[in-house]
Amino acid sequence: MKSYNAVILGGGNSPTDPELPKGNTPFGGGSLAGRVYEAAVKGFDFGRVALVMDPDERIILRAGDVYVEPASCKGAWLSGHKGIKAMGDGSAGYVLVAGDLAFFDDITMSAFMDEVNRYE
């Protein structure tokens, strides 16, 4: 089975407060990107995770996981590229995940990665 890293895209504006970054939007006692991060790391054994967003004190990162500053221009592709570049040598595959999936969970992440590995 191939190893994978994850890039969580949490830049852009919050749907509830245009002054707040999307990933930092409060949700369920934490933040939107925090919910996605927890689902990702519980649902699959990613080597590393990059959160492309402003740091959030409510998210406790695993060793090796990083925050990456979002790209200043509009466009998730550039922020995703910055997240991938921040994590290394390209020996792993990468999964890009939207950082504003409020109802994303570890079961969904696990099922998705099972499908990815099935077609590897």
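The exercises below deal with the nonpolar cores and one helix pair of a predicted model.

**Exercise 1.** Find which residues have the most contacts inside the largest nonpolar core, and which helices and strands supply at least two residues of this core.

Solution.
- Step 1: The largest nonpolar core holds 19 residues.
- Step 2: Ile8, Phe46, Val49, Leu51, Val95, Met109 and Met113 are those with the most contacts inside this core.
- Step 3: At least two residues each come from the strands β1 (4-9), β4 (49-52) and β6 (93-98), and from the helices α1 (32-43) and α3 (106-118).
- Step 4: With five residues, α1 gives the most to this core.

**Exercise 2.** List what Leu51 touches beyond its neighbours within four places in sequence, then describe the other core.

Solution.
- Step 1: Once those neighbours are set aside, Leu51 is in contact with Ile8, Ala33, Tyr37, Ile59, Leu61, Val66, Tyr67 and Val68.
- Step 2: Apart from the largest core lies another one, of six residues, including Leu9, Ala50, Val52 and Val68.

**Exercise 3.** Classify the packing of α1 against α3 as parallel, antiparallel, perpendicular or oblique, and describe the contact.

Solution.
- Step 1: The axes of α1 and α3 are 7 Å apart, and the angle between the helices is about 50°.
- Step 2: Because of this angle, α1 is oblique to α3.
- Step 3: The crossing of the two helices, α1 and α3, is right-handed.
- Step 4: On the α1 side the contact is made by Ala39, Ala40, Lys42 and Gly43, and on the α3 side by Asp106, Met109 and Ser110.
- Step 5: Sorted by class, the residues in the contact of α1 with α3 are three nonpolar, two polar and two charged.

Key. Residues numbered from 1 in each chain as written. Predicted model: local features only at pLDDT ≥ 70, side-chain atom pairs only at ≥ 80, totals over all residues. Heavy atoms only, no water. Core = buried A, V, L, I, M, F, W, Y, C linked by side-chain atoms within 4.5 Å. Buried < 20%, exposed > 50% of the residue type's maximum accessible area, 1.4 Å probe, protein only. Helix = DSSP H or I, 4+ residues; strand = E, 2+ residues; numbered from the N terminus. Contact = heavy atoms within 4.5 Å. Axes fitted to C-alpha atoms, helices over the stretch in contact; angles between N-to-C directions. Parallel < 35°, antiparallel > 145°, perpendicular 65-115°, else oblique. Left-handed = near helix turned anticlockwise from the far one by under 90°. Nonpolar A, V, L, I, M, F, W, Y, C, P; charged D, E, K, R; others polar.
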